[in-house]
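Visitor: Hi! I'm new to this one and would like a hand finding my way around. Could you pull it up for us?

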Amino acid sequence: MTAATDIGDLAATSQSLRAVVHDSIAKVAPAWRDLQQVGAYAPYQRLDWIAAYLDAGFRPGTQVAILTILERDRPIALIPFEIVRKFGLRVAQIVGMSISNGDAPVFDPRAAHLLTPKALRDALATLPADIVNFHCVASQVGEHANPLAQLGGNPAPDNLYVNALEPGDAPFIEQSLPHKRRTNIRRSQRRLDEGFGPVKLHRAATPAEVETMLEVFLDQRGRRFVQMGVENIFQRPAFRQFFRQLALEGLDQDRPAISLHALYAGEAIVATSIGTYGPTHYSQYINSTDYGDASRYSLMGVTLSLLVDQLRADGVRSLDMGLGDFDYKTDWTHRRPVFDIVLPVSALGRVAAPALRGARAAKRKIKQTPSLWKLARTAQSAVVALRRAVSGKSRDR
């Protein structure tokens, strides 16, 4: 079903806005593509990312509610929602929120002034939900202000690591990294070259390279997760399909929804980087490094030094390294707070909203307090180890 609701006349511009909710991607895909051509969007709300998420079956039977905001009959903003049931509540959240690095609309920057807090709240109230829940809303979408940030909110459990990429001929590490760090990266690259063979960063360009890089990534990342005592979620069938589908679809695109880069030392892949693009933005989604002899060197430092310079040469103007606080990210990016937004749109939602806000606040307290986070990670590792033991016994029977 497609529902349309008038969300008010704007006297200052003599224009009216309408909110239209679609229950399938197919109904809105042409408008979505057109809006992406002229609009601003974060990588995690682009059409191909959302479609691949649904195809992969992360959440079977997803009820989608694609909200479009139109100025007269022209779409000026789009937000892809899924309606999930939590504790008897209908919660509208952006499709794929659980695997993304932040929420934002796809919108036309020329009409951003029309996306006022009132206009957004009125549009969101047309969703078939009790609560609208945004996670990790950043202040910017590429080079533009994120309209959702006007809605307020509370600090999210994690921070986002982001940086502008200024064009220039000098390597990024010469401009931005301290002497000791860039010397370590140069030394690592030289030692890799001497001990393993010529060092190069290569983006997957053929289906065979996609398969090879994905398998190396899964192996490297899997071993790292075992060391950390956490589940390797990327081995799940949904993730494997998701990565493969988007990587293959993106082979002929300059800025695909998934790009695979591999750091080669001779014939061996010693590190990988999986990333995604907005119009002028690159988001490093996940990476992996070798666990053998090459692990003695700064593999991710070398990978990022080459990758960032390639991005700059390609006209990419900003970079993020996703959510989560890890020291190595501060070499390349700056820590920025992001915000959770819980908007009740029904009487039941107004009763439940404080509990949802409280749960996210508690999670932030744990993640931003080192002693509490250490305890949480220890408990998590114990649960994962128990699951592995039970799984191993089941296979032995």
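Guide: Here is a short tour of some empty spaces and one residue, in a model that is predicted.

Visitor: Great, let's start with pockets. How much space lies in the second largest pocket?

Guide: The second largest pocket holds about 490 Å³ of space. It is lined by 30 residues, and the ones closest to its centre are A138, Q140, L160, V162 and H281.

Visitor: Which elements give two or more residues to that lining?

Guide: Five strands are named here: β8 (140-141), β10 (154-164), β14 (281-289), β15 (318-323) and β16 (334-344).

Visitor: And which one has the largest share?

Guide: That would be β16, with five residues in the lining of the second largest pocket.

Visitor: What classes of residue make up that lining?

Guide: The lining of this pocket has 14 nonpolar residues, eleven polar ones and five charged ones.

Visitor: Okay, new topic: cavities. How many of 30 Å³ or more does the structure hold?

Guide: There are two cavities of that size. As background, rolling a probe the size of a water molecule over the atoms shows where empty space is left.

Visitor: What is the volume of the largest cavity, and which residues line it?

Guide: The largest cavity has a volume of about 50 Å³. Its lining is made up of R203, A204, V210, A247, G250, L251, P256, I258, S259 and L260. By class, that gives seven nonpolar, two polar and one charged.

Visitor: What about the second largest cavity, how much space is in there?

Guide: About 30 Å³. The residues around the second largest cavity are L214, F217, L218, R240, F243 and R244. Two helices, α6 (207-228) and α7 (237-249), each give two or more residues to this lining.

Visitor: How do the classes split there?

Guide: Four residues lining the second largest cavity are nonpolar and two are charged, with no polar ones.

Visitor: Switching again: where is D130 found?

Guide: D130 is in the loop between α3 (117-124) and β7 (131-137).

Visitor: Is D130 buried or exposed?

Guide: D130 counts as buried, because its relative accessibility is 6% and the buried class covers anything under 20%.

Visitor: Which residues does it touch, then?

Guide: Leaving out residues up to four places away in sequence, D130 touches L89, R90, L343, P344, V345, S346, L348 and G349.

Visitor: Thanks, that gives me plenty to look at!

Notes:
Residues numbered from 1 in each chain as written. Predicted model: local features only at pLDDT ≥ 70, side-chain atom pairs only at ≥ 80, totals over all residues. Heavy atoms only, no water. 1 Å grid on protein atoms, 1.4 Å probe; cavity = no way out; pocket = protein on both sides within 12 Å on 5 of 7 lines; lining within 4 Å. Points joined across faces, edges and corners; volume = space filled by probe spheres on them. Helix = DSSP H or I, 4+ residues; strand = E, 2+ residues; numbered from the N terminus. Nonpolar A, V, L, I, M, F, W, Y, C, P; charged D, E, K, R; others polar. Buried < 20%, exposed > 50% of the residue type's maximum accessible area, 1.4 Å probe, protein only. Contact = heavy atoms within 4.5 Å.
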